[in-house]
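Subject: Structure handover

Hi,

Here is the structure I promised to pass on to you. Have a look at it first, and then read on for what turned up when I went through it.

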Amino acid sequence: MDNFTIFNMQTVAGLLTFYFAFKWFVFPKLSKLSIYDALVPMVLIHGLRYLGMVFMVDTQVYDEFPDDLAFTVGIWDYSTAILAIITAFALKNKWKYAISLTWIFNIFGFTDLLVAFPQVFEIEFYNYDLGTMWWAFTTIGVVNMISHIYIFSRLIKNLKKKE
């Protein structure tokens, strides 16, 4: 079996596992909370995206990994992590512009994934030594996508409620 097939099988298994875990256990609890309280944990998950900077560490990915892509992935992920921490703090403290900041965070972070995923697939990253980043793609990447979609969903419902 080739690496692409294995990677996709693992990603689908991770997606289904996390989707059902969130759908059955997390989302029902979050639905009972205010938008501020519900979004805090979903945003804070993205604080872990500092891990994307590992692509910028010489000894952590294969030598042929393009430096410009490593820099882009690393900086965008780190920026998303910092923005997530600030946004979570704003939500937890119910700052006046916390919801607006959440929109900015979520658009920025989701765009990061939409831009990065095709680029890393284009270079067939799954055929190279990724070390722990293989695990990160098949787990944290999946959780990030699910949480971004939830955040968008909750923000849109909040807009409709105001109309």
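Let me start with Q119, which sits in helix 4. Is Q119 buried, partly exposed or exposed? Its relative accessibility is 30%, so Q119 counts as partly exposed. If you want a sense of scale, try Q119 against L30: the two are 89 residues apart in sequence, and their C-alpha atoms are 34 Å apart in space.

Please keep in mind that this is a predicted model. The mean pLDDT of the chain is 94, and 99% of the residues reach at least 70. Confidence is highest in helix 2 (residues 35-44), where the mean is 98, and lowest in helix 5 (residues 133-138), where the mean is 86. As a general caution, coordinates should not be read in detail where pLDDT is low.

**Aromatic pairs**

The aromatic rings gave me plenty to look at. With ring centres within 6.5 Å taken as a pair, the count is 20 aromatic pairs. One of them is F7 with F137: the ring centres are 6.3 Å apart and the planes stand at 75°, over the 60 degrees needed, so this pair is edge-to-face. Because F7 belongs to helix 1 (residues 3-30) and F137 to helix 5, the pair ties together parts of the chain that are 130 residues apart in sequence. Buried means under 20% relative accessible area, so F7, at 3%, is buried. F137 has a relative accessibility of 14% and therefore counts as buried too.

A second pair to look up is F110 with F152, also edge-to-face, with 5.5 Å from centre to centre and 85° between the planes. Here the link runs from F110 in helix 4 (residues 98-122) to F152 in helix 6 (residues 140-162), distant parts of the chain that are 42 residues apart. F110 and F152 are both buried.

Which residues do ring pairs link into a cluster? They are F4, F7, F55, F65, F117, F121, F125, Y126, W134 and F137. It may help to colour these when you open the model.

**How the helices pack**

Two packed helices are described by the angle between their axes and the distance between the axes, and I have both values for two pairs.

Helix 1 packs against helix 6 at an angle of about 40°, with 9 Å between the axes. That angle makes helix 1 oblique to helix 6. The crossing of these two helices is right-handed. On the helix 1 side, the contact is made by T11, G14, L15, F18, Y19, F22, F27 and L30, while helix 6 contributes V142, V143, I146, Y150 and R154.

Helix 1 also meets helix 2: their axes come within 9 Å of each other and cross at roughly 140°. Helix 1 and helix 2 are therefore oblique to each other. In this contact, F22, F27 and L30 of helix 1 meet A38, P41 and M42 of helix 2. F22, F27 and L30 are also among the helix 1 residues that make the contact with helix 6.

Helix 2 deserves a second look for its buried residues, which include I35, A38, L39, V40, M42 and V43. What covers them? Helix 1, helix 3 (67-92), helix 4 and helix 6 are among the elements that do so.

I35 comes up again with N158, a residue of helix 6. At 13% relative accessibility, N158 counts as buried. Neighbours within four places in sequence aside, N158 is in contact with I35 and I99.

**Two backbone angles to check**

Most residues other than glycine have a negative phi, so here are two to inspect.

- K94 is not a glycine, yet it has a positive phi of about 50°. K94 is in the loop between helix 3 and helix 4, and with 44% relative accessibility it counts as partly exposed.
- E124 is not a glycine either, and its phi is positive at about 55°. E124 is in the loop between helix 4 and helix 5, and with 42% relative accessibility it counts as partly exposed.

That is my list for now. Have fun with the model, and do write if you would like to go through any of it together.

Best wishes

Technical notes. Residues numbered from 1 in each chain as written. Predicted model: local features only at pLDDT ≥ 70, side-chain atom pairs only at ≥ 80, totals over all residues. Heavy atoms only, no water. pLDDT = per-residue confidence, 0-100. Helix = DSSP H or I, 4+ residues; strand = E, 2+ residues; numbered from the N terminus. Phe/Tyr/Trp six-rings, centres within 6.5 Å; stacked < 30°, edge-to-face > 60°. Buried < 20%, exposed > 50% of the residue type's maximum accessible area, 1.4 Å probe, protein only. Axes fitted to C-alpha atoms, helices over the stretch in contact; angles between N-to-C directions. Parallel < 35°, antiparallel > 145°, perpendicular 65-115°, else oblique. Left-handed = near helix turned anticlockwise from the far one by under 90°. Contact = heavy atoms within 4.5 Å.
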